[in-house]
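This briefing goes through one structure by topic. The sequence and coordinates come first, and the cysteines are taken up straight after them.

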Amino acid sequence: MKIDWAALGSVFGVSLVVTVGLVTLFTLGIMGLSRRERATTQGGSAALAVTGAYVCFAACAAAVAYGINLIVA
């Protein structure tokens, strides 16, 4: 049995980048919801922050659904 170390390293690199990207997107979504609560307590509107948060969460859900699709297919 011969291990293709280049392919293994490539898979590791891609999975690391995707994981960091998903964590970053989710963090941006949480930060957007936090800004909404802060704006609400100050009496302002944070429609852009909420929209951005929902877009981040939708992108996370799409990435997870794509990953599941790759596994199942």
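The count of disulfides comes to 0 in this predicted model. The cysteine sulfur closest to that of Cys-56 belongs to Cys-60 and lies 7.0 Å away, which is too far for a bond because a disulfide needs the two sulfur atoms within 2.5 Å. The points below begin with these cysteines and then take the helices in turn.

**Cysteines**

- A disulfide is a covalent bond between the sulfur atoms of two cysteines.
- Cys-60 takes part in no disulfide, and its nearest cysteine sulfur is that of Cys-56, at 7.0 Å.
- Cys-56 counts as buried, with a relative accessibility of 13%.
- Cys-60 counts as buried too, at 9% relative accessibility, so both values fall under the 20% that marks a buried residue.
- Both cysteines appear among the buried residues of α2.

**Helix α1**

- Helix α1 covers residues 5–41.
- Its 37 residues should span 54 Å at 1.5 Å a residue, and the end C-alpha atoms are 54 Å apart, so the expected and computed spans agree.
- The buried residues of α1 are Gly-29, Gly-32 and Ala-39.
- The cover over these buried residues includes α2, which runs over 47–72.
- Val-18 is placed in α1 and is partly exposed, its relative accessible area being 44%.
- Between Val-18 and Asp-4, which are 14 residues apart along the chain, the C-alpha separation is 21 Å.
- Arg-38 also lies in α1, and with a relative accessible area of 43% it is partly exposed.
- The C-alpha atom of Arg-38 is separated by 15 Å from that of Leu-28, 10 residues apart along the chain.
- Just after α1, Gly-43 takes a positive phi of about 85°.

**Helix α2**

- For the 26 residues of α2, a rise of 1.5 Å a residue gives an expected span of 38 Å; the end C-alpha atoms are 37 Å apart, which agrees.
- Ala-49, Val-50, Ala-53, Cys-56 and Cys-60 are buried in α2.
- An α-helix has 3.6 residues a turn, so residues three or four places apart point the same way.
- The buried residues of α2 pack against α1, and α2 in turn is part of what covers the buried residues of α1.
- Val-64 has its place in α2 and counts as partly exposed at 46% relative accessibility.
- Val-64 and Leu-22 are 42 residues apart along the chain, while their C-alpha atoms are separated by 8.9 Å.

**Surface patch and the segment before α1**

- Met-1, Ile-3, Trp-5 and Leu-8 form a nonpolar patch on the surface.
- Together the four residues of this patch have about 570 Å² of accessible area.
- Ile-3, one of the patch residues, is found in the segment before α1.
- Ile-3 counts as partly exposed because its relative accessibility, 38%, lies between the 20% limit for buried and the 50% limit for exposed.

Terms used: Residues numbered from 1 in each chain as written. Predicted model: local features only at pLDDT ≥ 70, side-chain atom pairs only at ≥ 80, totals over all residues. Heavy atoms only, no water. Helix = DSSP H or I, 4+ residues; strand = E, 2+ residues; numbered from the N terminus. Buried < 20%, exposed > 50% of the residue type's maximum accessible area, 1.4 Å probe, protein only. Patch = residues over 30% accessible without salt bridge, like charges linked within 9 Å, V, L, I, M, F, W, Y side chains within 5 Å. Areas by Shrake-Rupley, 256 points an atom, 1.4 Å probe, with all protein chains shown as cover. Salt bridge = Lys/Arg side-chain N within 4 Å of Asp/Glu carboxyl O. Expected span 1.5 Å × (residues − 1). Contact = heavy atoms within 4.5 Å.
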